[in-house]
Amino acid sequence: MLALSKLPAVTWASYVEGMAAGESLERPAARCGVCVKTSWFMRMRVLEAMRSQLQPMRGGDGVSARADEPYLNESFSGRRSGMPRGPHANGHGVRSRGISSLKVAVVAVNDLGNCTAVLAARGRPGAERIRAGLAPARVAGSEVSTGMHSSYAAPLSEAGAASQNRYGAADAGEDELGMVDAPRERLRGFLWRFRGVSTRRPQRYLWWFCWEERARRSDASREAMLRAHVANGSYESTRRDLEEEPQPFWDFWESRDESDVSNLV
């Protein structure tokens, strides 16, 4: 990354210090002497470097994993035109309750050392979207715990999982509930600190979350790890690629007429 950047290494070092500390885009921008838009672009670069350093999940005999599908409210944060609905009032989210088409699902798989997280579907994911969400995970030979969602059965069998343990809130013990709730709550807590991650680019922040899960178990500091990633990592997306990145699951809005959209505000 450094070899292809116009910014000096000292600027990148200062920037990753802020990312490791969880700073907003504005603070490292002021410290590094760049505009907020450049700060955002630098963050996207670092997130791709994080992705390149993620290790594949472990699988096999004796390895247990948890597959879950937390739901996030769809967000158009940062969008200035072409909004398919009116903005939500400050402090208010979507009015619908439960699992609706106004929420997007993340298929997350977590074991004792690594995790994967994939933006998988709008609303409740079916077997096809569960299969896509499980693709980066190595669950062959592993015991996989899930909730009561029936769409996991076929994809887990195809992936070679040794068994699927299904737990509902009513019949799960304390250990099972802890395994279910902890990764989900960590993901929600991680995303909350950004005060609204646009659904246009949440997959990049999911890479960051998976990297944080790995960093929690490392002896090295987050700052030292990020410095190494920036020095040795790689990226794929250009600035234009990022600006033209499409909104996931946009066909939902294209299929609705104006009267349908007005009822969803």
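Two strands are said to pair if DSSP finds at least two bridges between them, and in this predicted model Y71 of strand 2 stands opposite A105 in strand 3. Strand 2, which covers residues 71-73, and strand 3 pair in the antiparallel sense, and three bridges connect them.

Strand 3 has further partners. With strand 4, which spans residues 115-122, strand 3 pairs over seven bridges, again in the antiparallel sense, and within this pairing V106 stands opposite L119 of strand 4. Strand 3, formed by residues 103-110, is also joined to strand 1 by three bridges, and these two strands run antiparallel; here D68 has A108 of strand 3 as its bridge partner.

The surroundings of strand 3 can be described residue by residue. Eight of its eight residues are buried, and strand 3 is therefore largely enclosed by the rest of the structure. In a regular strand the side chains alternate between the two faces of the sheet. In strand 3, K103, A105, V107 and V109 point one way, whereas V104, V106, A108 and N110 point the other way, and all of these residues are buried.

Strand 1, made up of residues 64-68, is mostly covered as well, with four of its five residues buried. Besides its antiparallel pairing with strand 3, strand 1 pairs in the parallel sense with strand 5, residues 143-146, over three bridges. In that parallel pairing, the bridge partner of S64 is E143 of strand 5.

Attention now turns to the helices. Two packed helices are described by the angle between their axes and the distance between the axes. For helix 1 and helix 8, the latter comprising residues 222-232, the axes come within 9 Å and cross at roughly 135 degrees. Helix 1 is therefore oblique to helix 8, since an angle has to be over 145 degrees to count as roughly antiparallel. The crossing of these two helices is right-handed. On the side of helix 1, the residues that take part are W12, A13, V16, E17, M19 and A20, and they meet R222, E223, L226, R227 and V230 in helix 8. Sorted by character, the residues of this contact comprise seven that are nonpolar and four that are charged, with no polar residue among them.

Helix 8 also packs against helix 7, which consists of residues 202-215, at an angle of about 125 degrees and with the axes 11 Å apart. This angle makes helix 7 oblique to helix 8, and the crossing of helix 7 and helix 8 is right-handed. The contact is made by W211, E212 and A215 from helix 7, together with R222, M225, L226 and H229 from helix 8. Of the residues in this contact, four are nonpolar, one is polar and two are charged. R222 and L226 of helix 8 are thus named both in the contact with helix 1 and in the contact with helix 7.

One residue of helix 1 was examined individually. S14 is found in helix 1, which runs over residues 9-20. The relative accessibility of S14 is 17%, and S14 therefore counts as buried, the cut-off for a buried residue being under 20%. When its neighbours within four places in sequence are left aside, S14 is in contact with R31 and C32.

Terms used:
Residues numbered from 1 in each chain as written. Predicted model: local features only at pLDDT ≥ 70, side-chain atom pairs only at ≥ 80, totals over all residues. Heavy atoms only, no water. Buried < 20%, exposed > 50% of the residue type's maximum accessible area, 1.4 Å probe, protein only. Contact = heavy atoms within 4.5 Å. Axes fitted to C-alpha atoms, helices over the stretch in contact; angles between N-to-C directions. Parallel < 35°, antiparallel > 145°, perpendicular 65-115°, else oblique. Left-handed = near helix turned anticlockwise from the far one by under 90°. Nonpolar A, V, L, I, M, F, W, Y, C, P; charged D, E, K, R; others polar.
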